[in-house]
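Biologist: I'd like to learn how to read salt bridges off a model. Can you walk me through a case?

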Amino acid sequence: MGTLEERIVKSETRIFKAVFPSTTNHYDTLFGGTALHLMDEVAFICATRFSRKKVVTISTGQIDFKKAIPAGTLIELVAKVDSVGRTSCKIHVDIFMEQMYSELRETVVSGTFSFVAVDENKKPTPILDDLE
Ligand SMILES: CC(=O)SCCNC(=O)CCNC(=O)[C@H](O)C(C)(C)COP(=O)(O)OP(=O)(O)OC[C@H]1O[C@@H](n2cnc3c(N)ncnc32)[C@H](O)[C@@H]1OP(=O)(O)O
């Protein structure tokens with residue numbers, strides 16, 4: 001199964017999206033709720049790939065929207081395990097914005113999401129079984 005550090009590196013998860021008008025608000029920027037949805041999704045995938053167990057979201061940390069994300073840009077969501085407890089793990093998520101026709105790239109939104117591994121009775125269970 002690998003060491004803890006190897007599992008953290010292997011489970012880093014990335015999703016690219018084009019910011020099309022269907023995802024924007026009346027300011028023509030990415031709707032905040034859509035950004036949160038995508039962040040929770042990429043964090044969930046990361047926690048699942050890290051633990052290979054059923055996980056549920058238990059909380060979010062502070063989410064910082066540093067810059068608006070205009071329609072017609074590209075975004076990359078990057079999720080990485082930040083810390084690991086007995087039954088839970090905390091995932092850090094950054095959204096990077098890229099221009100379509102230049103190399104300009106910057107971090108625009110950051111936050112954390114915590115997940116708990118659950119067993120068949122939906123009770124907390126160890127997040128990892130077998131570390132080397
Ligand atoms: C993928 C999805 O869509 S999930 C949908 C949304 N999420 C849900 O529906 C989950 C609803 N919540 C639950 O079912 C329950 O709260 C459970 C099963 C997650 C946790 O059950 P509890 O009995 O409250 O858990 P318990 O108090 O034993 O804590 C479990 C772990 O969560 C951690 N935890 C508890 N509360 C919080 C919190 N607010 N923030 C971060 N971690 C927390 C604990 O520290 C513990 O971690 P550790 O074992 O690594 O030290």
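Biologist: This is a predicted model, right? Then let's start here: which residue forms a salt bridge with Arg 14, the closest N and O atoms being 3.0 Å apart?

Modeller: Yes, the model is predicted. The general idea is to look for a side-chain nitrogen of Lys or Arg within 4 Å of a carboxyl oxygen of Asp or Glu. Here, Glu 76 is the partner of Arg 14, with 3.0 Å between the closest N and O atoms. This pair links distant parts of the chain: Arg 14 belongs to strand β1 (residues 13–18) and Glu 76 to strand β4 (residues 74–84), 62 residues apart.

Biologist: Is Glu 76 buried or exposed?

Modeller: Buried means under 20% relative accessible area. Glu 76 has 5%, so it counts as buried. Arg 14, at 48%, is partly exposed.

Biologist: And which residue forms a salt bridge with Arg 14 at 2.7 Å?

Modeller: That would be Glu 12, where 2.7 Å is the distance between the closest N and O atoms. Glu 12 is partly exposed, with a relative accessible area of 26%.

Biologist: What about Arg 105: which side chain does it meet in a salt bridge?

Modeller: Arg 105 pairs with Glu 98, at 2.7 Å from N to O. Arg 105 itself is partly exposed, its relative accessibility being 34%.

Biologist: Which residues are linked in a network of salt bridges?

Modeller: Glu 12, Arg 14, Glu 76, Glu 98 and Arg 105 are linked that way.

Biologist: And how many salt bridges does the count come to?

Modeller: Six, going by that distance rule.

Notes
Residues are numbered from 1 along each chain as its sequence is written. This is a predicted model: local features need pLDDT of at least 70, side-chain atom pairs count only at pLDDT 80 or more; totals for chains, interfaces and linings use all residues. Side-chain values use heavy atoms; hydrogens and water are left out. Buried means under 20% relative accessible area, exposed over 50%, partly exposed in between (1.4 Å probe, protein chains only). Helices (H or I, at least four residues) and strands (E, at least two) are DSSP runs, numbered from the N terminus.
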